[in-house]
Amino acid sequence: GILLIVRRDTDGMAIEALRRGEYAWLAALAQAATLHAAIDAALAADPAFDLGAVLRTHIGAGTIAAIFDQ
């Protein structure tokens, strides 16, 4: 199936396709997983998961607004 993210942006709303690892990473973070656990979930879903690229994409798009140390 197709994995999507819906977010607000300057034009109102954006809908974008996600790769399996990217989706697994965001889903794990949304469920309060640690960064390490979220990366593990992403790599299990897609061994080619690129954390650096995903961070740049989602920080730039505003999907990730802050990082907290628990």
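A residue counts as buried here when its relative accessible area is under 20%. Keep that cut-off in mind for the close-ups below, which all come from a predicted model.

**Figure 1. The whole chain, β-β-α-α-α from start to end.** The protein chain has three helices and two strands. Its radius of gyration is 12 Å, close to the 11 Å that the globule rule gives for 70 residues, so the chain is as compact as a globular protein of that length. Along the principal axes, the C-alpha atoms fill a box of roughly 35 × 30 × 20 Å. Of the 70 residues, 26% count as buried. If you look at contacts between residues at least 6 apart in sequence, 32% of them join residues at least 24 apart.

**Figure 2. The outside of the protein chain, surface and charges.** The accessible surface comes to about 5000 Å², and carbon and sulfur atoms account for 58% of that. As for charge, the chain carries 5 positive and 8 negative ones, and the mean positions of the two sets are 4 Å apart.

**Figure 3. Phe-49 and its aromatic partner, Trp-25.** Phe-49 has a relative accessibility of 11%, which is under the 20% cut-off, so Phe-49 counts as buried. What about Trp-25, buried or exposed? With a relative accessibility of 1%, Trp-25 counts as buried too. The two rings make a tilted pair, 6.2 Å from centre to centre with 40° between their planes. The count of aromatic pairs comes to one, so to speak a party of two. The pair links distant parts of the chain: Trp-25 belongs to helix α1 (residues 20-30), while Phe-49 lies in the loop between α2 (35-45) and α3 (51-61), 24 residues away in sequence.

**Figure 4. Helix α1 and what covers its buried residues.** Which residues of α1 are buried? They are Gly-21, Glu-22, Ala-24, Trp-25, Leu-26 and Ala-28. The cover over them includes both β1 (3-9) and β2 (12-18), along with helices α2 and α3. As a reminder, an α-helix has 3.6 residues a turn, so residues three or four places apart point the same way.

**Figure 5. Gly-21, a buried glycine of helix α1.** At 0% relative accessibility, Gly-21 counts as buried. Which residues does Gly-21 contact, leaving aside its neighbours within four places in sequence? Ala-42, Ala-45, Asp-46 and Phe-49 are the ones. Phe-49 is also the partner of Trp-25 in the aromatic pair. Leu-51 sits 30 residues along the chain from Gly-21, and their C-alpha atoms are separated by 9.4 Å.

**Figure 6. Ala-32, just past helix α1 in the loop to α2.** Most residues other than glycine have a negative phi. Ala-32 is not a glycine, yet its phi is positive, at about 70°. You'll find this alanine in the loop between α1 and α2. Ala-32 has a relative accessible area of 58%, so it is exposed.

**Figure 7. Gly-1, in the segment before β1.** Gly-1 counts as exposed because its relative accessibility is 94%. How far is Gly-1 from Ala-61 in space, C-alpha to C-alpha? The answer is 23 Å, for two residues that are 60 apart in sequence.

Definitions and conventions
Residues are numbered from 1 along each chain as its sequence is written. This is a predicted model: local features need pLDDT of at least 70, side-chain atom pairs count only at pLDDT 80 or more; totals for chains, interfaces and linings use all residues. Side-chain values use heavy atoms; hydrogens and water are left out. Helices (H or I, at least four residues) and strands (E, at least two) are DSSP runs, numbered from the N terminus. The radius of gyration is taken over C-alpha atoms; the globule rule is 2.2 Å times the number of residues to the power 0.38. Buried means under 20% relative accessible area, exposed over 50%, partly exposed in between (1.4 Å probe, protein chains only). Contact means heavy atoms within 4.5 Å. Accessible areas come from the Shrake-Rupley method with a 1.4 Å probe; for residues, only the protein chains shown count as cover. Lys and Arg count as positive and Asp and Glu as negative; His and the chain ends are not counted. The place of a charge is taken as NZ of Lys, CZ of Arg, CG of Asp or CD of Glu. Rings of Phe, Tyr and Trp (its six-membered ring) pair if their centres lie within 6.5 Å; planes under 30 degrees apart count as stacked, over 60 as edge-to-face and the rest as tilted.
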